[in-house]
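Q: I would like to learn how to read helix packing, sheets and cores in a structure. Could we go through one together?

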Amino acid sequence: MAGFHAVRSPLYMVKAAYYAVRGLLRVAGKQIQWWWVPGSYAMEQHAARTNQLMEWEQVHRQVKATRAWRGIVLGIEALVLGIGVPVALSMLPTGWLLLAAAGVAGALAHYGRPAGHSLIGTAVVAPRFRKLNADIVLRAYYAAGLGNPNKPELHVQFGSPMSRDARNTGSQVVIDLPYGKGWSDVMNVREKIASGLDVHVNQVFLTPDKTSSRRHTLFVTDRDPLAVRAGTTDLVDCKPRSIWRPVRFGLDERGNLVELALMWVSVLVGAQPRKGKTFSARLLALHAALDPYVKLIVVDGKNSPDWMKFRLVAHRFVIGTHPNPNDPDPVGNLVAVLDEILAHIDRVNQVLASLPVSVCPEGKLTEELARDPRYPDLRVLLLVMEEFQVYFETEDQAVNKDIAAKLSRIQAVGPSAGVVILSSSQKPSGVGAGDVGRLFNRYRDNHAVRFALKCGNRLVSEAVLGGDAYAEGFDASALPVGKDYLGVGLLYGQSDHTPTVRTFLADHPDAEKILIAARAHRERVGTLTGQAVGEDIAREVRDVLADAHAVFGTSGRLPWQILAGRMIEHAPEHYADLTADAISAQLRALGVPSVNVKWDGSVLKGAKADDIQAARAKRDNGHGSNGA
């Protein structure tokens, strides 16, 4: 500001001199006008038009006397100035003279400036804001159709005094709607309320009241708070974090800090492309990366550079859906990774069950146990699924079902074992068909916490946030559009409140810096594992033919339904969601024919044990295809 005014100081001096001369002329003009007695001519003319000679003479004499007296006053003033100014110039010190001259010039310049102008400009342009009062608020609500001022039973009332918020960023008041009006009514006319208040809709925030459906809080900001960036994340300090502590996620519309707890939940992030979805999800993963006791598994379905630097710390890293330079078999590796996670969940539960009460009093995973080097199997695991929908739409339907079933099972049993799921998608609906579509919807809908940035329409918003969120008035398709609003979204399910969040930013250089530090933290405590230290993904191979033959027992033939059920009992960690259609397709692809089987008085399709054994022998002799 000092620089702004310093550069413009010569202009200020020119303006002040001009306004001072203008002010001097105005003072002189006002004095001359005062001496001439304004209005005297009109009085004389009125007396002349009405033939009142005596009145005209009386007015004329009074005017002459007044002018004479005022002329004497002005003469004395001129005499004082003519003598006093030269005397002062000769007797007073230079400093006092300059100070007096500056004061007189400043006063004249202030008096001579045009209306609405200032001598010195403003270095900061103040934003336009609406100062609310009761009349403006009532006008807005009545214009929006939420009441009628002419009917006492339809009056809008106030439940609190009008006040400024704690940060002095806007005005707030509690509104009581007329009986019969409720929360859905006010949410449907939010834009009309903004119009009635003469502000932008982004400046109007409505919060329901728990005490009454017709009561809510109206908060109107002085400027659009969502257009103000939240700033860079504090993770750039690269200090170790704990996944057991909430992530500093962003700021809400009131400027309050919004935190997101990752433990015991799964998080879904959804949005249109290029609205900040990946940056928001990556921010959560970076927090987990700075905890050296968290095992990271990153699956990037869109094969982009956004997650590539996570290879510095990721225990497992899968990228893409088709073979590529970064991953020769992404789909196969994903299936192996999901098997590894399921095995991890089983080990965690087994270890927790074996611990004494003194170490694990409630039989649950704790922060102390997860960081105890004596129990390496109890580390918290974060599974990142970027654009997870692509793995429900691969070219192999059997693989789609397998992946869908495994993800759904991990989501169901993983949180209690310390497995946190972070999913993101730009296509949260209309994926897959049949069992795959059902499992996709189940996986999507079972995320406990959802963060929706700008969505294309209400249906997409509802798919991300859930139907309950839209019923409560939250619609991510109504979020503002533009570069100023990147990273702005609705956080649903974290608490009873659903804030509109401006997320903190970690750009690519910041993310790389954080991940380099995260690797150093892991190296220091010895928790760097998996592909981050050069290990390949371990892929456990199951012999489907051998497993199928083993469950026949003394039976020569089994229907596909019975065979699938027995295989689930035989190896639940691999066949937990196996269906009759799935095992039929796998075995027929390996050369096992589908035959009629009599079972409980019915004729069903199934397989013979001899045919399975023949297919195994043919394969082992090198005449068939390998199955796993």
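A: This is a predicted model. Start with a pair of helices: H18 and H20 are roughly perpendicular to each other, because an angle from 65 to 115 degrees counts as such. The axes of helix H18 (residues 560-570) and helix H20 (residues 580-589) cross at roughly 95° and come within 8 Å.

Q: Which residues of H18 and H20 make the contact?

A: On the H18 side they are Trp560, Gln561, Leu563, Ala564 and Met567. H20 contributes Ala580, Ile583, Ser584 and Leu587. By type, the residues of this contact divide into seven nonpolar, two polar and no charged.

Q: How do I read a sheet, and in what order do the strands S16, S17 and S18 lie?

A: Strands of a sheet pair through backbone hydrogen bonds, either parallel or antiparallel. Here three strands form an open sheet in the order S16-S18-S17, with antiparallel pairing. Strand S16 (557-559) and strand S17 (595-599) are the edge strands, each pairing on one side only. From one strand to the next, the twist averages 60°.

Q: How many bridges pair S17 with S18?

A: S17 and strand S18 (residues 602-608) pair over five bridges, in the antiparallel sense. As one example of the register, Trp599 stands opposite Ser602 in S18.

Q: Which helices pack on this sheet?

A: H18 packs on the sheet and touches S16, S17 and S18. The direction of H18 makes about 90° with that of S16. Helix H21 (residues 609-620) also packs on the sheet, touching S17 and S18. The direction of H21 makes about 25° with that of S18.

Q: What is the strand order in the sheet of 10 strands?

A: The order in this open sheet is S7-S6-S15-S14-S13-S8-S12-S11-S9-S10, and the pairing is mixed. Strand S7 (257-260) and strand S10 (316-319) stand at the edges with a single partner strand each, so one side of each has no neighbour in the sheet. The twist in this sheet averages 25° from one strand to the next.

Q: In which sense do S8 and S13 run, parallel or antiparallel?

A: Strand S8 (residues 266-270) and strand S13 (residues 449-452) run parallel, joined by four bridges. The bridge partner of Leu268 in S13 is Arg450. On the same topic of packing, H10 packs on the sheet, touching strand S9 (294-300), S10, strand S11 (380-386) and strand S12 (419-425). The direction of H10 makes about 145° with that of S10.

Q: What should I look for in a nonpolar core, and which residues have the most contacts inside the largest one?

A: In soluble globular proteins, nonpolar side chains tend to be buried together. The largest nonpolar core in this model has 108 residues, and Phe310 and Ile341 have the most contacts inside it. Helix H10 (residues 330-354) gives the most to this core, with 12 residues. Another core, of 24 residues, lies apart from it, and includes Tyr141, Leu177, Ala194 and Leu197.

Q: Which residues is Phe310 in contact with, leaving aside its neighbours within four places in sequence?

A: Phe310 is in contact with Arg282, Ala285, Leu286, Ala289, Leu296, Val298, Phe317 and Leu515.

Q: How is S4 joined to S5?

A: A hairpin through two residues joins S4 to S5. Strand S4 (residues 204-209) and strand S5 (residues 212-221) pair over six bridges in the antiparallel sense. Thr207 stands opposite Thr217 in S5, and the bridge partner of Leu206 in S5 is Leu218. S5 is also joined to strand S3 (residues 170-176) by seven bridges, and the two run antiparallel. In that pairing, the partner of Gly170 in S5 is Thr221.

Q: Is a residue in a loop always exposed? Take Asp252: where is it found?

A: Asp252 is found in the loop between strand S6 (247-251) and S7. Asp252 counts as buried because its relative accessibility is 6%, where the cut-off is under 20%. Leaving aside neighbours within four places in sequence, Asp252 is in contact with Val258, Pro499, Thr500, Val501 and Arg502.

Q: How far apart are Asp252 and Phe388 in sequence and in space?

A: They are 136 residues apart in sequence, and 28 Å apart in space, C-alpha to C-alpha.

Definitions and conventions: Residues are numbered from 1 along each chain as its sequence is written. This is a predicted model: local features need pLDDT of at least 70, side-chain atom pairs count only at pLDDT 80 or more; totals for chains, interfaces and linings use all residues. Side-chain values use heavy atoms; hydrogens and water are left out. Axes are lines fitted to C-alpha atoms, for helices over the stretch in contact, and angles run from 0 to 180 degrees between N-to-C directions. Angles under 35 degrees count as roughly parallel, over 145 as roughly antiparallel, 65 to 115 as roughly perpendicular and the rest as oblique. Contact means heavy atoms within 4.5 Å. Ala, Val, Leu, Ile, Met, Phe, Trp, Tyr, Cys and Pro count as nonpolar, Asp, Glu, Lys and Arg as charged, and the others, Gly among them, as polar. A nonpolar core is a set of buried Ala, Val, Leu, Ile, Met, Phe, Trp, Tyr and Cys residues joined through side-chain atoms within 4.5 Å. Buried means under 20% relative accessible area, exposed over 50%, partly exposed in between (1.4 Å probe, protein chains only). Two strands pair if DSSP finds at least two bridges between them.
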